[in-house]
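Hi,

Here is the structure I promised to pass on. Have a look at it first; my notes on what turned up follow below.

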Amino acid sequence: MIIHTKQCIPQSEITDPVHFRNRRKIIKMLSAAGLAGTIGPFSSSASARFSTKFKHRFKGPFSIDENPTAYEYVTSYNNFYEFGTGKSDPANQSQNFKTEPWSLAVEGEVEKPGVYTLEDILAPHTLEDRVYRLRCVEAWSMVIPWVGFPLGDLIKRFKPTSRAKFVEFTTLYDPNRMPGQRSHVLDWPYVEGLRIDEAMHPLSLLAVGLYGNVLPNQNGAPIRLVVPWKYGYKSIKSIVKISFRETQPITSWNKSAPREYGFYSNVNPYVDHPRWSQKRERVVGASIFSPKRDTDLFNGYADDVGSLYAGMDLKKFF
Amino acid sequence: MIRSKQIWQALKGIVFLLSTTPFVFLAVDTIQNNLGANPLETLHFRTGDWALRFLLITLALSPIKIIFGYTHQLRFRRMMGLFAFFYASLHFFIYVVLEQSMSWRLIVAEVPKSPYIIVGLLTYLLLVPLAVTSTSAMMQRLGNKWKKLHRSIYGIGILAVIHFFWLVKADITEPLLYALVLAVLLAVRIFRKHLQRAGTKGWKRAWSTRIFWEKLTTHR
């Protein structure tokens, strides 16, 4: 397997004009809070977005050499049914969502189960920038500069046993804080899963930010998965539980429509959704006159992850 | 003295202008680049929504007559139907010209794999003959056949709602709402006779409070 370590300059290194224009305000705010220099990244008020730029980051591997989708679009066009099924619902309904304090339960086939605070989880990891394409099953895509760390690095800390064949992730269930959960469009809480080798793959990322800043609530704050070679819904948001299991997890969309959404859900232009083609994708932010983009096998990461599925019938294991 | 014909013409003008407002808003938003992250999807959804809404408005005019006995709204049936066709045409051309970049190869590759698009295209194709034969001259020429032809609008309404249902991922609230409205409008036609008996005469009588009161008291 070839690990690409292209070190292109991610767009995320360029200061967002919004923050640039607010630079004086940011400095004022930081000094007022006595926070300058010791940035606490997990504040949830809207204005705090500007003050929570992750400082110590390095350019991670695997980034694609493309201009990221505008911050405005990345944060206003979301599928996050916990905050409503419309594309703008998450941005509108998640503004008061509190992500502090936050903890993650680690269960199942591991030597070190337990409930960890988010600070515990993050402490030993150095954050990195990774520009990935996100391909939604609805045939659109955007390019997002994530801030995060490899999921595999975290998993190793819990010391999974030999029986840990799968990793199951669960989103927070709290209809008071997540109003979308009051309607029964999906069987809450949202559950996703990966095979252990998929989870350990260096492409699999746990993201805590985008565009150099703390993750906006509508993008899955405070911590979410990013599996770039799979359809977007595999990249579960606002994770509260990681469970190591011997059997394949029952994932939310697969449960909701097993004929349409498989466990693997790898991006594949040769396997169509039963109701629409997956050959091409609409690029978010593009003009109405620009044609759709051809979808790449495994969303462009075929060289990296193809070997995980050697000998598997991808039409059967969609 | 203003004659009633002039009043009707003015009223038709107002309804016409009102019906074009969704198009005007859409055009302004397009020019101002105000259609959001996925502008093509926005154009698609908004034209589709309005096509369906005008279709339902068209289908609602007769039930008003059946239930309440009023007939004035029937004068707007053609205009409403043509507006449904207008928004459906925009919806169709956005698909062919923008979504598929007018490429026959792409359309042929994608359409057979997308049942909701097949249903959508069929719905539109069925609307075309109705629009073409909507003139008074055509009405006269076709005579009895015209009525038969235009009954296909009921089927078109059902297809349009199926088209909507089929493209939704999980939240069927919106298509369900349209389906319910359509179901009511079709049900009124099925139970036309019952409703007319209880309706036209009954409603008019019911409005007269004296009789209404008498009815109430005698039932006691």
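**What I found**

Let me start with chain B: taking its contacts between residues at least 6 apart in sequence, 66% join residues at least 24 apart. Bear in mind throughout that this is a predicted model.

Chain B has 11 helices and 0 strands, so to read along its sequence is to read α-α-α-α-α-α-α-α-α-α-α. It has 220 residues, and 23% of them count as buried.

Chain A is a mix, with 9 helices and 13 strands. Of its 318 residues, 46% count as buried. For contacts in chain A with a separation of 6 or more, residues 24 or more positions apart account for 72%.

**Where the chains meet**

The two chains touch through 20 residues of chain A and 19 residues of chain B. On the chain A side, those residues split into 10 nonpolar, 5 polar and 5 charged.

**The sheet in chain A**

One thing to pull up on screen is an open sheet of 5 strands in chain A, running in the order 3-2-11-6-7 with mixed pairing. Strand 3 (114-117) and strand 7 (191-195) of chain A are at the edges; each has a single partner strand, so one side of each has no neighbour in the sheet. From one strand to the next, the twist averages 20°.

At one end of that order, strand 2 (residues 103-108) of chain A pairs with strand 3 of chain A in the antiparallel sense, over 4 bridges. If you want a spot to check, Leu104(A) sits opposite Tyr116(A) of strand 3 of chain A.

**The cores**

Which residues have the most contacts inside the largest nonpolar core? They are Trp146(A), Val167(A), Leu206(A), Ala207(A), Val208(A), Leu210(A) and Leu225(A), in a core of 63 residues. Strand 5 (residues 140-150) of chain A supplies the largest share of this core, at 6 residues. Ala207(A) is a handy place to start looking: beyond its neighbours within four places in sequence, its contacts are Trp146(A), Val147(A), Gly148(A), Leu215(A), Arg224(A) and Val226(A).

There is also a second, separate core of 26 residues, and Leu55(B), Ala88(B), Phe92(B) and Ile156(B) are among them. As a reminder of the general background, nonpolar side chains in soluble globular proteins tend to be buried together.

**A helix pair in chain B**

Helix 2 (residues 39-68) of chain B and helix 9 (residues 173-190) of chain B have axes that come within 9 Å and cross at roughly 35°. The crossing of helix 2 of chain B with helix 9 of chain B is left-handed. From helix 2 of chain B, the contact uses Leu52(B), Leu56(B), Leu59(B), Ala60(B), Pro63(B), Ile66(B) and Ile67(B), while helix 9 of chain B brings Tyr178(B), Val181(B), Leu182(B), Leu185(B) and Val188(B). What kind of residues make up the contact of helix 2 of chain B with helix 9 of chain B? The split is 12 nonpolar, no polar and no charged.

**Backbone oddities**

Some backbone details are worth a look, given that most residues other than glycine have a negative phi and most peptide bonds are trans.

- The peptide bond from Glu100(A) to Pro101(A) is cis, with omega near 0°. Pro101(A) belongs to the loop between helix 4 (89-93) and strand 2 of chain A.
- Trp188(A) and Pro189(A) are also joined by a cis peptide bond, with omega about -5°. You will find Pro189(A) in the loop between strand 6 (166-171) and strand 7 of chain A.
- Ser238(A) is not a glycine, but its phi is positive, near 40°. Its loop runs between strand 10 (224-226) and strand 11 (239-245) of chain A.
- Ser101(B) has a positive phi too, about 50°, and is not a glycine either. Ser101(B) lies in the loop between helix 3 (77-99) and helix 4 (104-110) of chain B.

Are these two serines buried or exposed? Ser238(A) counts as buried because it has 27 C-beta neighbours inside 10 Å, whereas Ser101(B), with 14 C-beta neighbours inside 10 Å, counts as partly exposed.

Over to you, and do write back once you have been through it.

Cheers

Key: Residues numbered from 1 in each chain as written. Chains lettered and ligands numbered in written order. Predicted model: local features only at pLDDT ≥ 70, side-chain atom pairs only at ≥ 80, totals over all residues. Contact = placed C-beta atoms within 7 Å. Nonpolar A, V, L, I, M, F, W, Y, C, P; charged D, E, K, R; others polar. Pairing = 2+ DSSP bridges. Helix = DSSP H or I, 4+ residues; strand = E, 2+ residues; numbered from the N terminus. Axes fitted to C-alpha atoms, helices over the stretch in contact; angles between N-to-C directions. Buried ≥ 20, exposed ≤ 12 C-beta atoms within 10 Å, placed from the backbone. Core = buried A, V, L, I, M, F, W, Y, C linked by C-beta atoms within 7 Å. Left-handed = near helix turned anticlockwise from the far one by under 90°.
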